[in-house]
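Colleague: I would like to learn how to read salt bridges, burial and helix packing from a set of coordinates. Could you take me through the features one at a time?

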Amino acid sequence: METKEPEDAAIAWLTATTENTSPFSAKKEDTSSYFDSIKNELYKLLCGNPEYDEERIELSGIIKSKDNKTLIVSSISGIIGSKVGLSATFIAPVTVLLFMTISKVSINARCEWQKGSKELSS
């Protein structure tokens, strides 16, 4: 994270396969599409795709609970993991990194809006 943006760190995490971490593994995986799949499913979950209606209802209850950060990340990772065929624990760091990207974009958008409002009122 010191030298990478959150999305780049997420891609690095997903492509750190057993080939890169264990030279004795015989299993080869095509990890190139994992990030796009996870990002696409997260978009559908957060942006109202009917495919995720039930999950959004469940998540709204979790959001209202105490200590919800861990529950939210693990729930979303589980939901998306089941769609893309990856374990929730494996994609949990990616979920956090994508939320960091989303919050950064939101903060930047808010700053630009605020900046524009000040220029209009001056």
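The dialogue below takes up salt bridges, then the nonpolar core, then one helix and a residue within it.

Modeller: Before we begin, please keep in mind that this is a predicted model.

Colleague: How many salt bridges does a search of the whole structure find?

Modeller: The search finds five salt bridges. One of them joins the side chains of lysine 39 and glutamate 7, with an N to O distance of 3.8 Å, and this pair links distant parts of the chain, since lysine 39 belongs to helix α3 (residues 34-46) and glutamate 7 to helix α1 (residues 6-15), 32 residues apart.

Colleague: Are lysine 39 and glutamate 7 buried or exposed, and how should I decide?

Modeller: The general idea is that a residue counts as buried under 20% relative accessible area and as exposed over 50%, with partly exposed in between. Lysine 39 has a relative accessible area of 34% and is therefore partly exposed, and glutamate 7, with 27%, is partly exposed as well.

Colleague: Why might I look for salt bridges between residues three or four places apart within a helix?

Modeller: An α-helix has 3.6 residues a turn, so residues at that spacing point the same way. Here, arginine 56 forms a salt bridge with aspartate 53, their closest N and O atoms being 2.6 Å apart, and both residues lie in helix α4 (residues 53-63), three residues apart, or about one turn of the helix. Arginine 56 is partly exposed, with a relative accessible area of 22%, and aspartate 53 is also partly exposed, with 39%.

Colleague: Which residues form a salt bridge within helix α3?

Modeller: Lysine 44 and glutamate 41 both lie in helix α3, three residues apart, and their side chains meet in a salt bridge at 3.2 Å, N to O. Both lysine 44 and glutamate 41 are buried, and the two residues take part in a network of salt bridges that links Glu41, Lys44, Glu51 and Lys83.

Colleague: Turning to the nonpolar residues, which of them have the most contacts inside the largest core?

Modeller: The largest nonpolar core has 21 residues, and those with the most contacts inside it are Leu14, Ile38, Ile76, Ile80 and Val94. The elements that give two or more residues to this core are α1, α3, α4, α5 (68-84) and α6 (88-121). If residues up to four places away in sequence are not counted, isoleucine 80 touches Ile38, Glu41, Leu42 and Ile91.

Colleague: How should I judge the span of helix α5, and what follows it?

Modeller: One sets the span from the first C-alpha to the last against the span expected at 1.5 Å a residue; for α5, with 17 residues, the reach is 24 Å, close to the expected 24 Å. The helix is followed by glycine 85, whose phi is positive, near 80°. Among the buried residues of α5 are Ile72, Val73, Ile76, Ser77 and Ile80.

Colleague: Serine 77 is found in helix α5; which residue does its side chain join in a polar contact?

Modeller: The side chain of serine 77 is joined to that of threonine 95 by a polar contact of 2.9 Å. Serine 77 has 0% relative accessibility and therefore counts as buried. Leaving aside neighbours within four places in sequence, serine 77 is in contact with Ala88, Ile91, Ala92 and Thr95.

Methods
Residues are numbered from 1 along each chain as its sequence is written. This is a predicted model: local features need pLDDT of at least 70, side-chain atom pairs count only at pLDDT 80 or more; totals for chains, interfaces and linings use all residues. Side-chain values use heavy atoms; hydrogens and water are left out. A salt bridge is a side-chain nitrogen of Lys or Arg within 4 Å of a carboxyl oxygen of Asp or Glu. Helices (H or I, at least four residues) and strands (E, at least two) are DSSP runs, numbered from the N terminus. Buried means under 20% relative accessible area, exposed over 50%, partly exposed in between (1.4 Å probe, protein chains only). A nonpolar core is a set of buried Ala, Val, Leu, Ile, Met, Phe, Trp, Tyr and Cys residues joined through side-chain atoms within 4.5 Å. Contact means heavy atoms within 4.5 Å. The expected span of a helix is 1.5 Å times one less than its number of residues. A polar contact is a pair of N or O atoms within 3.5 Å; within protein, one must be able to donate a hydrogen and the other to accept it, and residues adjacent in sequence count only if both atoms are side-chain atoms.
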